[in-house]
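Biologist: Could you take me through this structure step by step? I would like to understand how to read it.

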Amino acid sequence: NPKKIMEIGARLMQEYITEIENYFPDYAHLLLLGGKDSLNILLCNRKSKWIVLSGEPNTLNSKEFIENNNLNISEFIRGKPEVDNSFYESEVICSDCLFDPSHIRWIPQIKDVVDRHQGKVILWMGTNGDGIFAKNNNHRDKNYFAVQDLHVGTAMGVWHQAYKNFFNIPVLSPYQSPGMIKELISKFNPYYVNKSGD
């Protein structure tokens, strides 16, 4: 039932964000904003200071989404499109040479936010929201979970690892929260999207 899946997913996302805000009451939250999976995060009820960093080609769409939905954020940062290799060696080391450094973006801009807040920052990403709630390459395989585990656990996991190792801050996605995995992902048939769509 797509409606039920959506309702459970929205509830679990909200619960996780509230839990993290309560656990880190004096932290700023920096969201890397781009696709629908990260846009959903901004729709949650939030009480802490939230900063948005959005790069091309999503910058205009992100700004319009925030304005159209009258969402409260503390700061909007445009991700610089220019490649900045100031920390290239550290990016490679922090990812254990397991991920393409071109995906580890905006390190200097994120570092500026982390430094301004004396390290008290939670970095949020919408990792794998599309893998759960929209049709994607995982659904083309006869074993969705094998591809899903490889994609999220390895590729996306290393992406989180690189930011975590570089900044020494929590790097989170509500789509990988314990509740989301236990109460939704481990219980639903991922091929529901073949009928329901996104």
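Modeller: The conversation below goes from the overall fold to the pockets, the aromatic rings and some backbone details. Please keep in mind that this is a predicted model.

Biologist: Fine. How many helices and strands does the chain have?

Modeller: The chain has nine helices and five strands. Read from the N terminus, the order of the elements is α-β-α-β-α-β-α-α-β-α-α-β-α-α.

Biologist: And how compact is the chain for its length?

Modeller: Its radius of gyration is 17 Å, and the globule rule gives 16 Å for 198 residues; the two values are close, so the chain is as compact as a globular protein of that length. The C-alpha trace spans about 45 × 40 × 30 Å along the principal axes.

Biologist: What share of the residues counts as buried?

Modeller: Of the 198 residues, 47% count as buried.

Biologist: Let us turn to pockets. How much space lies in the largest pocket?

Modeller: The largest pocket holds about 580 Å³ of space. It is lined by 28 residues, and the closest to its centre are Gly 34, Gly 35, Asp 37, Arg 105 and Trp 159.

Biologist: Which elements supply at least two residues of that lining?

Modeller: Helix H2 (36-42), strand E2 (49-55), helix H6 (129-133) and helix H7 (144-167) each do so. Sorted by class, the lining of the largest pocket consists of nine nonpolar, 15 polar and four charged residues.

Biologist: What about the second largest pocket, how much space lies there?

Modeller: About 500 Å³ lies in the second largest pocket. Its lining is made of 21 residues, and those nearest the centre are Met 6, Asn 40, Phe 133, Tyr 175 and Asp 198.

Biologist: Which element gives the most to the lining of the second largest pocket?

Modeller: H1 gives the most, with seven residues. Helix H1 (2-23), H2 and H6 each supply at least two residues of this lining. By class, the lining of the second largest pocket has 11 nonpolar, six polar and four charged residues.

Biologist: New topic: rings. How many aromatic pairs are there in the whole structure?

Modeller: A search of the whole structure finds 11 aromatic pairs. One of them joins Phe 87 and Phe 166: the ring centres are 5.4 Å apart and the planes meet at 80°, which is over the 60 degrees required, so the pair counts as edge-to-face.

Biologist: Where do Phe 87 and Phe 166 lie in the chain?

Modeller: Phe 87 is in the loop between strand E3 (75-79) and helix H4 (88-94), whereas Phe 166 is in helix H7, so the pair ties together parts that are 79 residues apart in sequence.

Biologist: Is Phe 166 buried or exposed?

Modeller: Phe 166 is buried, because its relative accessible area of 18% is under the 20% cut-off. Phe 87, at 25% relative accessibility, counts as partly exposed.

Biologist: Which residues form one aromatic cluster with these two?

Modeller: Phe 87, Tyr 163, Phe 166 and Phe 167 form one aromatic cluster.

Biologist: Which ring does the charged end of Arg 105 sit over?

Modeller: The charged end of Arg 105 sits over the ring of Trp 106, 6.0 Å from the ring centre. Arg 105 was also named among the residues closest to the centre of the largest pocket.

Biologist: Now the backbone. Which residues does a cis peptide bond join?

Modeller: A cis peptide bond joins Glu 56 and Pro 57, with omega at about 10°. Pro 57 belongs to the loop between E2 and helix H3 (59-68).

Biologist: I also noticed Asn 70. What is the sign of its phi?

Modeller: Asn 70 has a positive phi of about 50°, although it is not a glycine. Asn 70 is in the loop between H3 and E3. At 71% relative accessibility, Asn 70 counts as exposed.

Biologist: And where is Gln 118 found?

Modeller: Gln 118 is in the loop between helix H5 (107-116) and strand E4 (121-124). Gln 118 also has a positive phi of about 50° without being a glycine, and at 67% relative accessibility it counts as exposed.

Biologist: Last one: is Pro 174 buried or exposed?

Modeller: Pro 174 is buried, with a relative accessible area of 0%. Its place is in the loop between strand E5 (171-172) and helix H8 (178-185).

Note on methods. Residues numbered from 1 in each chain as written. Predicted model: local features only at pLDDT ≥ 70, side-chain atom pairs only at ≥ 80, totals over all residues. Heavy atoms only, no water. 1 Å grid on protein atoms, 1.4 Å probe; cavity = no way out; pocket = protein on both sides within 12 Å on 5 of 7 lines; lining within 4 Å. Points joined across faces, edges and corners; volume = space filled by probe spheres on them. Helix = DSSP H or I, 4+ residues; strand = E, 2+ residues; numbered from the N terminus. Nonpolar A, V, L, I, M, F, W, Y, C, P; charged D, E, K, R; others polar. Phe/Tyr/Trp six-rings, centres within 6.5 Å; stacked < 30°, edge-to-face > 60°. Buried < 20%, exposed > 50% of the residue type's maximum accessible area, 1.4 Å probe, protein only. Lys NZ or Arg CZ within 6 Å of the ring centre and 35° of its normal. Rg over C-alpha atoms; globule rule 2.2 N^0.38 Å.
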